[in-house]
Structures are given as structure tokens and as C-alpha cells.
Amino acid sequence: MFRSQLIRQAARAVRVSQSTVAPRATPSLPLSLHRSIHATSSLRRDEKKEEEHEGSFARTDPSVEVEYQEHDLPSSTPVQGRGGLHFKRTLASFSLEGRVGVVTGGARGLGLVMSQAMVISGADVAIVDLNKEEAQKQAMELMESFKRENPGAEKVPKVTAHYADVSSQESVEAVIAEIIKDHGKIDNLVTSAGFTENFEAINYPIERVRKLWGVNVDGTYLFAIAVAKHLMERKAPGAMVFIGSMSGAVVNVPQPQAPYNAAKAAVRHLASSLAVEWAHAGIRVNVISPGYMLTALTKKILDENPDLKKQWTALIPQGKMGQPEDLMGAVTYLSSDAASYVTGADLRVDGGYTLT
């Protein structure tokens with residue numbers, strides 16, 4: 001029995017060995033082909049433009065240099081057709097009727113559009129700007145625009161123009177007193193005064209850095225504490241919206257702007273700190289961080305640097321730059337009772353730029 005079992009196992013082993021297909025050997029590439037592949041990849045690397053080296057699209061470019069010209073700024077135009085009567089239902093808590101808002105840097109660009117958003121939403125507005133003549137012109141235009149688009153309105157929002165150097169405590173305190181005299185109170189603050197410049201850090205004149213910091217950071221702080229004092233004296237709640245920038249959270253490329261980035265990061269954290277400090281008084285403090293917005297000033301810069309716009313939009317997931325009016329809803333929301341439980345927030349309006 002043992003012998004027959006061995007015979008069967010041996011026969012089975014022979015059959016299995018005969019049915020097994022030997023694996024085919026994979027022919028190796030000829031040495032010349034290996035060399036040609038290696039040579040091709042080297043050639044492609046050599047053919048790349050010098051500026052397209054590894055990491056080049058994520059670095060700043062010192063050749064991009066822009067100095068802020070405060071006396072040569074293009075005038076802005078209020079957005080047309082965004083106001084007027086409408087019949088689409090929305091929450092009443094978004095209304096700013098009965099409120100008085102202060103907008104710094106409100107005569108141009110983003111500040112003007114946000115002033116208009118508050119007017120459309122029913123608030124009286126005090127436009128504060130270094131250029132009072134431009135502020136007066138825009139204040140009149142906002143009221144006339146409201147009248148045209150709301151011919152049957154019982155009340156036309158009051159819009160006034162005021163001068164202030166936001167970096168000067170004396171100037172800020174004087175304009176706050178002037179606004180309270182004209183409007184009787186202040187409920188909302190939007191700090192839009194600010195500017196950016198592009199210089200390589202090692203070549204950035206320190207006096208320009210101090211000026212930039214004075215307007216962007218000191219100006220925000222001085223207006224915030226002045227309005228907070230007023231609200232606390234009245235024992236009234238209020239809402240503040242600081243205009244930061246996505247640059248407070250990321251490093252923009254290719255333009256070098258280290259002091260501006262640091263300033264906007266400071267504005268963002270200042271809002272968080274004051275939101276906690278003033279929560280007991282019912283004062284909310286939030287931030288809007290815009291991405292690249294096509295203001296009149298930005299258009300002027302991009303007209304002179306067409307390649308810059310192409311690189312910027314290539315980094316935005318939505319594939320386009322924002323329009324100033326894209327901020328109208330954001331500032332209205334954060335200023336209104338619709339955001340009554342929102343404080344210390346950073347609302348980024350950047351087309352997804354900071355997500356990638």
C-alpha cells in the first residue's frame with residue numbers, strides 16, 4: 001500500500017511539472033535605449049527656461065516693485081444697479097436701518113463699495129478719508145444714487161464726508177467727535193484705510209515701512225478704541241469690521257511685500273484680541289480678508305504689469321479676480337444683527353486662493 005501510494009504521488013508530480021508553463025523572461029532593454037531615455041530626460045531639463053527652476057513659481061520676484069502714490073490715485077465709481085427696491089425675500093436681520101456707520105478709506109476702492117453697501121442696507125454713513133474733496137464728491141453721489149434707485153423712499157440715508165489722518169491719534173479723536181456731532185452716534189465701524197507696496201525687504205526704505213504700518217495697523221487700532229469708548233459710554237452694542245487681507249494668512253507671490261503681510265496679520269489678530277476683550281460690552285469685532293480685487297488702483301498696476309495678472313489668476317481656484325462688489329454682502333452681514341453671534345471671525349473672500 002505504501003509503495004502504490006508513492007507511485008501515485010510520483011505520477012501526479014510528473015503531470016504537474018509537465019503542465020506548468022515556464023515564465024517568459026522579460027527581455028532587458030538594450031543598453032543604447034537605456035542611455036537614450038536618460039539622455040532625453042537630461043535634455044528636457046536643460047531645455048527648461050532658467051526661471052522655471054524648482055520652486056520658482058512659489059517664490060517672490062524682486063523685480064516686481066510698486067510704490068504707493070497717495071496723491072495719484074484713480075477715482076472710483078459707485079456700483080450701479082445694486083441698490084433700489086427689490087422683492088426677493090431675505091432676513092430682516094440683515095437690515096442696517098437706524099444705524100450709523102463709519103468707513104475709513106471710504107472715498108475709493110473697496111471702502112467706497114462697502115460704504116455703498118451700508119447705505120443700500122439703510123444705514124447713515126460717515127466716509128472718512130485723507131482726501132476730503134473726493135469723500136465729499138462720493139458722499140453726494142451715494143445719496144443721489146439712492147434717490148434714483150428708490151424714488152419712493154420715505155428716508156434717504158445721510159452720508160457725510162470727513163478728513164482724518166488715520167495714523168494720528170489726535171486726528172482720529174477729532175473726527176470721531178465731528179461724526180458724533182453730525183450723526184448723534186456711531187454703531188458700526190469699517191476700517192478700510194490701508195495700502196500696500198512691493199519692495200524686496202532688504203531694499204524697503206524704513207520710513208515707508210513705518211508709514212505703511214501706521215496706516216494699516218495703527219489706524220485700525222486708533223479708530224477701534226475711539227469707537228469702542230463711545231459705545232461703552234452709551235452702553236450700546238456695536239459691530240466692527242476690520243479689512244484685512246489674505247496676505248495676513250499666506251505669503252503672496254511673486255510680488256515681495258513682507259511688511260504689508262505682517263501688518264495684515266497684525267490686523268487679523270488684533271480683531272481676535274479685541275473681540276474677546278470687548279465681548280462683555282456687546283461689541284463684535286470681525287475681519288474680512290479679501291483676495292485679489294479689481295479696484296481702479298489694481299487695474300492700473302496690472303495694466304503696467306500684464307504678466308502679473310496672469311500669474312495671480314493662475315493661482316486662484318475660481319480662475320478669476322474678485323470684483324469690489326463681492327464684498328458688499330460680507331460687510332453687510334458682519335455689520336448686521338444676522339451675525340449677532342459671530343465675533344473674532346476672519347471671513348476670507350478670495351476665490352479659494354488660500355485653500356491651495
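## A buried serine

Let's start with Ser115: this residue is buried, with a relative accessible area of 0%. Keep in mind that we're looking at a predicted model here. Ser115 belongs to helix H3, which covers residues 109–120.

So what does Ser115 touch, once its neighbours within four places in sequence are set aside? The contacts are Val103, Gly106, Val125, Ile127 and Leu142. Val103 falls in strand E1 (residues 100–104), Val125 and Ile127 sit in strand E2 (residues 124–129), and Leu142 comes from helix H4 (residues 132–149).

## The sheet

Now for the sheet those strands belong to. It's an open sheet of 7 strands with parallel pairing, and the order reads E3-E2-E1-E4-E5-E6-E7. E3 and E7 (346–349) take the edges; each has a single partner strand, so one side of each is left without a neighbour in the sheet. On average, and ignoring direction, neighbouring strands are turned by 20° against each other.

Two of the pairings can be spelled out. E1 runs parallel to strand E4 (residues 188–191), with 4 bridges between them, and Thr104 sits opposite Thr191 of E4. E2 and E3 are parallel too, joined by 5 bridges, and here Val128 faces His162 in E3.

## An edge strand that is still covered

Is E3 (residues 159–163) largely enclosed or left open by the rest of the structure? Despite its place at the edge of the sheet, E3 has 4 of its 5 residues buried, so it is largely enclosed by the rest of the structure.

## Helices on the sheet

Helix H4 packs on the sheet and touches both E2 and E3, with its direction at about 175° to that of E3. Helix H7 (residues 258–277) also packs on the sheet, touching strand E5 (238–243), strand E6 (283–290) and E7. The direction of H7 makes about 160° with that of E6.

## Where H5 meets H6

There's a helix pair to look at as well. The axes of helix H5 (residues 169–183) and helix H6 (residues 206–234) come within 10 Å and cross at roughly 40°. The two helices are therefore oblique to each other, and H5 passes H6 in a right-handed crossing.

Which residues make the contact? H5 brings Gln169, Val172, Val175, Ile176 and Ile180, while H6 supplies Leu222, Phe223, Ala226, Val227 and His230. By type, that's 8 nonpolar and 2 polar residues, with no charged ones.

Terms used:
Residues are numbered from 1 along each chain as its sequence is written. This is a predicted model: local features need pLDDT of at least 70, side-chain atom pairs count only at pLDDT 80 or more; totals for chains, interfaces and linings use all residues. Side-chain values use heavy atoms; hydrogens and water are left out. Axes are lines fitted to C-alpha atoms, for helices over the stretch in contact, and angles run from 0 to 180 degrees between N-to-C directions. Angles under 35 degrees count as roughly parallel, over 145 as roughly antiparallel, 65 to 115 as roughly perpendicular and the rest as oblique. A crossing is left-handed if the near helix is turned anticlockwise from the far one by less than a right angle, and right-handed if clockwise. Contact means heavy atoms within 4.5 Å. Ala, Val, Leu, Ile, Met, Phe, Trp, Tyr, Cys and Pro count as nonpolar, Asp, Glu, Lys and Arg as charged, and the others, Gly among them, as polar. Buried means under 20% relative accessible area, exposed over 50%, partly exposed in between (1.4 Å probe, protein chains only). Two strands pair if DSSP finds at least two bridges between them.
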